[in-house]
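Colleague: I have the chain open in the viewer and would like to talk it through with you. Shall we begin with the pockets?

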Amino acid sequence: MDTYVIEAKNIRKSFDGFTAVDGLNLKIKKGEVFGFLGPNGAGKTTSISMIVGLLHPTEGQIIIDGEDINHVDKIKIGICPQEIVLWESLTCKESLKFMGEMYEVPNPILKERVKQLLNDLMLNDKADTLVSNLSGGMKRRLNLAMALIHSPEIVVLDEPSEGLDPQSRRVLWNFIRSLRDDEGKTVILTTHLMDEADRLSDRIAIIDHGKLLRLDTPENLKREIGEGDVVDIHLSDPDKISQAVNKLKSLDFIDSAVEVDGMINVRALNAVSKLPKVMEILQELDVRVADLSLRPNTLEDVFIELTGTSLRE
């Protein structure tokens, strides 16, 4: 049975007559990575701010661990903002120690956490380096470490990979997975990177105009929504391409079938499950397949279909 750590009940937020979030209902499971996607101005930042207690909803209620958020100890939540907030004149180790002392983490525990976070985020060799001398990627990793120094149960990451090189991004992704898999933490993730949302999120909420459009696993979203998977079929006998295309595009479960560069290009949602039927029909036409490749439907396809825009527009 699923345990929900956060529940938003019909929350609404208005600013001077403008409704930024409009009747949002969702539940976030304990120990999952929960992705938030939405175009700029969709209301995701306002939604998350209410969910973690930074903003009060105009209407509705936020429940955390069965309690109204107004009665919840905010130490349960760690927030890593998109904007890097660091003390340039401190070293990495000093920054983490100072933040831990602000959260009143006992010294023996704090010492161990500082050591562990520096190791996990590959900042060991920069422990005594001034923040002002760190690269942008190192600063972002330190920013995350500071949000985690008090070992919060819920971790909010706002665009954590912004500006990171591919190697640093890989370190970060592995670390986020470890927060869920090894420590059982609940991670709320906002990102502009579709690949990041797809690979890290257990479930994704897509919102626009302050409303929840869909909430599901990345796999289900890609299976059910979007432009569909693309199957490229290369026939042994090119002369039979037109006959095969005409037959395939007449089928209800095929969204499109066209000839492209001497191959048949078939598009369908959850195409893998439909391939046996496609192959059966080609056999009935006495057509032999020389080669076949599959390009899966993407999360970006899903997003564009639901919102009518790409994520960065």
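Modeller: Gladly, and please keep in mind that this is a predicted model. The largest pocket has a volume of about 220 Å³.

Colleague: Which residues line the largest pocket?

Modeller: The lining is made up of I77, G78, I79, P81, V85, W87, M99, Y103, N143, M146 and A147. Among the elements, β6 (77–80) and α4 (136–148) each contribute at least two residues to the lining of this pocket.

Colleague: And by class, how many residues of that lining are nonpolar, polar or charged?

Modeller: Sorted by class, the lining of the largest pocket holds 9 nonpolar and 2 polar residues, with no charged residues.

Colleague: W87 caught my eye on the outside too. Which residues make a nonpolar surface patch with W87?

Modeller: W87 forms a nonpolar surface patch together with F98 and M102, and the patch covers about 290 Å². W87 is also one of the residues lining the largest pocket, while M102 belongs to helix α2, which spans residues 92–102.

Colleague: Now the closed spaces. How many cavities of 30 Å³ or more does a search of the whole structure find?

Modeller: The search of the whole structure gives 1 cavity of 30 Å³ or more, and the largest cavity contains about 50 Å³ of space. Two or more lining residues come from each of β11 (229–235), β13 (263–268) and α9 (271–284).

Colleague: Which element gives the most to that lining, and which residues are in it?

Modeller: Helix α9 gives the most to the lining of the largest cavity, with 4 residues. The full lining consists of V231, I233, I254, V266, R267, A268, A271, K274, L275 and V278.

Colleague: I see R267 and K274 in there, so what is the breakdown by class?

Modeller: The lining of the largest cavity has 8 nonpolar and 2 charged residues, and no polar ones. R267 and K274 are the charged residues of this lining, because Lys and Arg count as charged.

Colleague: Changing topic to the N-terminal strands: what is the order of strands in the open sheet of 4?

Modeller: The order is β2-β1-β4-β5, and the pairing is antiparallel. The edge strands are β2 (18–29) and β5 (67–68), each of which pairs on one side only.

Colleague: How many bridges join β1 and β2, and what is the bridge partner of F15?

Modeller: Strand β1, residues 4–15, pairs with β2 in the antiparallel sense over 8 bridges. The bridge partner of F15 is F18, which lies in β2.

Technical notes: Residues are numbered from 1 along each chain as its sequence is written. This is a predicted model: local features need pLDDT of at least 70, side-chain atom pairs count only at pLDDT 80 or more; totals for chains, interfaces and linings use all residues. Side-chain values use heavy atoms; hydrogens and water are left out. Two strands pair if DSSP finds at least two bridges between them. Patches are made of residues with over 30% relative accessible area and no salt bridge: like charges are joined within 9 Å, nonpolar side chains (Val, Leu, Ile, Met, Phe, Trp, Tyr) within 5 Å. Accessible areas come from the Shrake-Rupley method with a 1.4 Å probe; for residues, only the protein chains shown count as cover. A salt bridge is a side-chain nitrogen of Lys or Arg within 4 Å of a carboxyl oxygen of Asp or Glu. On a 1 Å grid over the protein atoms alone, a cavity is a set of points where a 1.4 Å probe fits but cannot get out, and a pocket is an open set with protein on both sides within 12 Å along at least five of seven lines; lining residues have an atom within 4 Å of a point. Grid points are joined across faces, edges and corners, and a volume is the space filled by probe spheres set on the points.
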